[in-house]
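Work through the exercises below with the sequence and the coordinates open. Each task is followed by a solution in steps.

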Amino acid sequence: MRYQLAPLYCRPWTLNGISARLIESHYENNYGAALNRLNVISREIEQFDFSKTSDQSLARLKRDEIVALNSTLLHELYFASLGGDGRVLPDALANAIAKDFGSVDRWRQEFVGIANGLAGGSGWVLLTYVPRDGRLINQIASDHDQSIAGGVPILALDMYEHAYHLEFGANASAYIAAFMRNIDWSAVQSRYEDAIKVAPPRPLEQKQFADVPSISVEEVREMLESGTSVQIIDTRPKHYTTKAQDIMEGAVWRDPERLDDWIGTLSKTEPVVTFCVYGFHIGCETASTLRKAGFDARYMSGGHFAWKAIKGPVRLFDDGALVNSRLTVTS
Ligand SMILES: [Fe+2]
């Protein structure tokens, strides 16, 4: 395929303190060069002879391709970021920025601070929407190819020297100030409105347990740290626990196949959290059974390994612990 050139988005003659000459040079020599490079690489990949050339050559081409593609995309975003007066943010965007950065001023300090930190070096400063978490984040893309996976950048500042040296020399901070004075906030807001329509990654769905409430490992950690009374039951299968080395701190192990033996030891006045190895079936089934018996039970999403992945505290799960758990049940 051939990538098409995008026309210049901003009107260079309207910019305040950034000359048309600088934008023209940037558009023609850097954006144009990136697009041309991208098309050359793209053609090379299409014509790649897999029988004669090494996989390493292909990998090099693919690395070059992502650099040229991102340079193309980010330059288009950069030119589309300019053309306003940089002052008033539309309400929806201002509220979103305030939610994620504390205030618009804090966002501005962080964004400009990052840019100044890049002065003398090179890279991009981007304001990016992350659909996974529904939030905005400032990021550095120091070699075109470091954009957040799945992120949607909505504002871009080019900190490569070619973006300012012609006019500002080494005075990067004057260039940054000029950029901030020219941000087209209504265009940024429009891109934000488009970005928030991007769905987050699909969550794990377990349709058979759709009516059983879950709790995240982070929420369980908060409960424990705040001293909330909660009964945490590790229901990893017995055959699994014989090789298990650790158990979540604060949890007791109970054999899921002998639920009738230990259900009477639980209190109905305190919430119950159950979990198994990965959070798929046994923890959910146990929570479901307990709920039917009148307990305020939920299963912990992701199970034992999710707890370990957030570095939740664990203790040694030796034979003694297993024996003690059994003794507690039978005593
Ligand atoms: Fe550039």
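Helices (H or I, at least four residues) and strands (E, at least two) are DSSP runs, numbered from the N terminus. The model is predicted, so local features need pLDDT of at least 70 and side-chain atom pairs count only at pLDDT 80 or more, while totals for chains, interfaces and linings use all residues. Residues are numbered from 1 along each chain as its sequence is written, and side-chain values use heavy atoms, with hydrogens and water left out.

**Exercise 1. Place Asn116 and state whether it is buried, partly exposed or exposed.**

Step 1. Asn116 belongs to helix H4, residues 104-118.
Step 2. Buried means under 20% relative accessible area, exposed over 50%, and partly exposed in between (1.4 Å probe, protein chains only).
Step 3. With a relative accessible area of 36%, Asn116 is partly exposed.
Step 4. Asn116 and Ala172 are 56 residues apart along the chain, and their C-alpha atoms are separated by 7.2 Å.

**Exercise 2. Check the length of helix H2 against the expected span.**

Step 1. The expected span of a helix is 1.5 Å times one less than its number of residues.
Step 2. Helix H2 has 27 residues (55-81), so it should span 39 Å.
Step 3. The end C-alpha atoms of H2 are 39 Å apart, which agrees.
Step 4. After H2 comes Gly83, with a positive phi near 120°.

**Exercise 3. Describe the iron site: which atoms coordinate the iron ion, and what is their arrangement?**

Step 1. Donors are N, O and S atoms within 2.8 Å of the metal (3.2 Å for Na, K and Ca); water is not among the atoms, so sites may look incomplete.
Step 2. The iron ion is coordinated at 1.8 to 2.1 Å by NE2 of His26, His75 and His162 and by OD of Asp158.
Step 3. Four donors count as tetrahedral if all angles lie between 85 and 135 degrees.
Step 4. The 4 donor atoms subtend angles of 90 to 127° around the iron ion, so the arrangement is tetrahedral.
Step 5. The sequence spacing of the donor residues is H-x48-H-x82-D-x3-H.
Step 6. His26 lies in helix H1 (residues 20-46) and Asp158 in strand S3 (residues 152-158), so this pair ties together parts that are 132 residues apart in sequence.
Step 7. His26 is buried, at 1% relative accessible area, and Asp158 is buried, at 0%.

**Exercise 4. Characterise Leu155 and Gln139.**

Step 1. Leu155 is placed in strand S3 and is buried, with a relative accessible area of 0%.
Step 2. From Leu155 to Asp184 the C-alpha distance is 9.3 Å, with the two 29 residues apart in sequence.
Step 3. Gln139 is placed in strand S2, residues 135-141, and is buried at 7%.
Step 4. Gln139 and Thr128 are 11 residues apart along the chain, with 7.1 Å between their C-alpha atoms.

**Exercise 5. Examine the backbone at Lys311.**

Step 1. Most residues other than glycine have a negative phi.
Step 2. Lys311 is not a glycine, yet its phi is positive, about 60°.
Step 3. Lys311 lies in the loop between helix H12 (303-309) and strand S10 (314-316).
Step 4. Lys311 is exposed, with a relative accessible area of 71%.

Key:
Tetrahedral: all angles 85-135°; square planar, octahedral: opposite > 155°, others 65-115°.
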